[in-house]
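Dear colleague,

I am passing on the structure below, and I would be glad if you could look through it before reading my notes.

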Amino acid sequence: MLIVTGNDIPGYRIQAVLGEVMGMTVRSANFGANLVAGFRAIGGGEVNEYTQLMYDSRQQVMQRMADQAQSRGANAVLAFRFDSGSIGQSFTEICAYGTAVVIQPIAAGQDGATQQSVQDPAATPAQ
């Protein structure tokens, strides 16, 4: 599944717009991670425990969004974005969202074809 931040994908035609899709999670670091992160904060620099928590959370919500798009029959998500917010002092909400679409690669020899779309196995010969 192609997931892009743009509103279109060069070399592809949008065949159908299936609507907004999203994935969400609410996370909290465990006590041990919070303790270690507190000590790291004293010295400054990256707090690896929180970086890993955010990375894992973003991967999870992207997968949930992609699964929702696929269940609707989409093969791409356009206008993809992340959003996050705090819930109280201990929880972080992470959301990934975009527009589920069905795209068709533009075949070689047709206006708008790109190297990527021509190499896509779903590309059909020019007619």
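What follows is a short account of the fold, one helix and the nonpolar cores.

This is a predicted model, in which local features need pLDDT of at least 70 and side-chain atom pairs count only at pLDDT 80 or more, while totals for chains, interfaces and linings use all residues. Residues are numbered from 1 along each chain as its sequence is written, and side-chain values use heavy atoms, with hydrogens and water left out.

The protein chain has 3 helices and 4 strands (DSSP runs, H or I of at least four residues for helices and E of at least two for strands, numbered from the N terminus), and along the sequence they follow the pattern β-β-α-α-β-β-α. Of its 127 residues, 26% count as buried, that is, under 20% relative accessible area with a 1.4 Å probe, protein chains only.

Helix H2 (48-71) has 24 residues and reaches 34 Å from its first C-alpha to its last, close to the 34 Å expected at 1.5 Å a residue (1.5 Å times one less than the number of residues). Its buried residues, among them Leu-53, Val-61, Met-65 and Ala-69, pack against strands S1 (2-3), S2 (12-27), S3 and S4, with contact meaning heavy atoms within 4.5 Å.

The largest nonpolar core (buried Ala, Val, Leu, Ile, Met, Phe, Trp, Tyr and Cys residues joined through side-chain atoms within 4.5 Å) has 10 residues, including Val-21, Val-61, Phe-80 and Ala-100. H2, S3 (76-87) and S4 (91-105) each give two or more residues to this core, and apart from it lies another core, of 6 residues, among them Ile-9 and Tyr-12.

Best regards

Notes. Buried < 20%, exposed > 50% of the residue type's maximum accessible area, 1.4 Å probe, protein only.
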